[in-house]
Structures are given as C-alpha cells and as structure tokens.
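Colleague: Please show me the structure, and let us then discuss it by question and answer.

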Amino acid sequence: MILKIKHFVIITTIFTLISCTYERVGLHKVVVNSQTITDSIQHQVAIEAFILPYRQRVTTILDSALAYAPEVLSKEDGRYNSTEGNLLADLVLQMAQPVFKARTGYDIDFVLLNYGGIRSTISKGNVSARTAYEVMPFENDIVIVQLNATAVRDIVSFLIKADVPHPIAGIQIQLNDRNEPETVKIKGNLLNEAETYFVATSNYLAAGGDNMTFFSKGINQWELNYYIRNAMIDYFGKVDTLKSKIDDRFVKHNK
C-alpha cells in the first residue's frame with residue numbers, strides 16, 4: 001500500500017511540474033526596419049567579390065555581338081510601315097513559323113504586333129542580346145490566333161484608323177485616295193471571305209491589349225511559349241547583317 005502511495009505521489013509531482021513549465025508559443029510582436037537603397041550605401045567588398053564573376057558573365061552574354069546594323073532602324077521612320085517594325089514582324093514570322101508548323105501542321109499567314117511595344121531604336125553598329133532586351137523588354141509570348149475573314153477586315157480597319165505603323169508581315173494593304181482598302185492580300189493572295197487565317201501576335205495583344213479586341217473573335221489559339229525577345233536573339237544569331245526597309249506592305253495610292 002505504501003509503495004502505491006509513493007508511485008501516486010511521484011506521478012502527481014511529475015504532471016504538476018510539466019503543467020507549471022508549459023508556455024504557449026505564438027507570435028508576440030513583429031518588428032520591421034526599412035532600408036532605402038541608394039548610392040550612399042557603402043560597398044561591401046565581400047559581396048562585390050562574390051557577384052563579380054556572375055556580373056562579368058552576364059555582361060559578356062548580353063553585349064557579345066550577334067549581328068550588325070548598317071544603319072539606324074526606327075519605328076518612326078515611315079508613315080504606314082517602318083524599318084524597325086518591318087524587321088520585327090518579319091523575324092517573328094520567320095522564327096515562329098517552323099515552331100508552329102511542327103506542333104500543329106499549319107502555317108502562319110501573317111503577323112501583327114504593336115507600335116507601342118517597341119521601346120527602343122536599333123542603333124547603327126553591333127547588335128547583341130542587350131539590343132533585344134532594350135527593344136522588347138516585356139515577357140511577351142508569341143501567340144497564334146485563328147481568325148475568319150471578318151475579323152481580318154476588322155484588323156485592316158483598325159490599322160487604317162491607328163495612325164501609327166503597327167508592325168505587320170505577310171499581309172499587304174493598299175489604300176485608295178479616300179483612305180479605303182483598295183486591296184487586301186495575304187501571302188500574295190486576295191483576302192478570301194471563306195477562309196480562316198492564322199495570325200501571329202503577342203499574348204498581350206491576343207488578350208485585347210492596345211484595343212485590339214478583334215482577337216476575341218478567334219476560333220482557336222495556340223501559345224508557342226516563345227518570347228518575342230528570344231525570337232529576336234535567335235534571329236540575330238542567324239544573320240550577319242540586319243536588313244530592313246520601308247516597302248509596299250501597307251501603302252496609300254494618291255491620284
């Protein structure tokens with residue numbers, strides 16, 4: 001009996017000690033300090049030494065010459081189409097076509113990009129990956145949208161009213177002196193009201209950006225997971241010299 005009482009006392013003591021030492025754990029206070037990053041902050045030699053080889057590697061990759069531009073290419077040097085806009089639309093068509101063809105068996109009919117998406121000219125001289133980042137700093141994917149002829153005519157009307165040279169390729173628009181579409185050709189053939197067309201654009205425009213709401217009429221849509229900027233870099237790496245000119249892809253005939 002005495003032994004049982006001792007066991008009871010021992011067990012009771014243990015539970016009492018545990019209950020007395022238990023503390024509830026939880027968030028008591030949050031302290032936040034802010035540090036404005038300016039050039040007044042002293043350089044940390046150890047940190048600088050650590051990131052230096054990475055910085056040098058990134059700089060080498062970005063600034064290595066991929067091609068050469070014999071003259072300045074600008075989005076502003078033409079009324080209805082421009083040297084820079086034509087280059088971008090043409091290279092998207094060239095670089096995206098084999099990807100789209102391999103995945104779907106279809107061909108891209110034409111390209112439509114936006115004037116505002118071009119954020120820098122291409123200067124005369126060496127062209128690098130940094131050039132592509134300056135011209136196209138956005139993470140815009142190439143998207144293919146299948147449109148009927150009515151939607152394509154909406155595109156033509158939009159381009160006429162836009163009053164800026166949005167980049168196009170694969171489509172030719174000729175206006176009469178009344179600013180009306182005289183002919184619309186796609187890949188050299190007149191627009192066929194019974195056909196549907198595969199239009200390459202950016203995911204931003206495909207979602208209705210820049211008031212390009214006609215893409216909402218799309219029958220089908222494919223995302224290539226291929227940035228326009230990456231298409232530029234790939235294209236620069238394939239060519240020796242960037243060649244582009246203002247041409248007849250979008251013109252107005254005056255009497």
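Colleague: Which backbone nitrogen does the side chain of Asn-81 reach?

Modeller: This is a predicted model, in which local features need pLDDT of at least 70, side-chain atom pairs count only at pLDDT 80 or more, and totals for chains, interfaces and linings use all residues. Residues are numbered from 1 along each chain as its sequence is written, and side-chain values use heavy atoms, with hydrogens and water left out. A polar contact is a pair of N or O atoms within 3.5 Å; within protein, one must be able to donate a hydrogen and the other to accept it, and residues adjacent in sequence count only if both atoms are side-chain atoms. At 3.0 Å, the side chain of Asn-81 reaches the backbone nitrogen of Asp-247.

Colleague: How far from a polar atom of the side chain of Asn-81 does the backbone oxygen of Phe-250 lie?

Modeller: This pair also involves the side chain of Asn-81. The separation from the backbone oxygen of Phe-250 is 3.2 Å.

Colleague: Does Asn-81 count as buried or exposed?

Modeller: Buried means under 20% relative accessible area, exposed over 50%, and partly exposed in between (1.4 Å probe, protein chains only). Because its relative accessibility is 2%, Asn-81 counts as buried.

Colleague: Which charged residues does Asn-81 touch?

Modeller: Contact means heavy atoms within 4.5 Å. Asp, Glu, Lys and Arg count as charged; Ala, Val, Leu, Ile, Met, Phe, Trp, Tyr, Cys and Pro as nonpolar; the others, Gly among them, as polar. Not counting residues up to four places away in sequence, Asn-81 touches, among others, Lys-245, Asp-247 and Arg-249.
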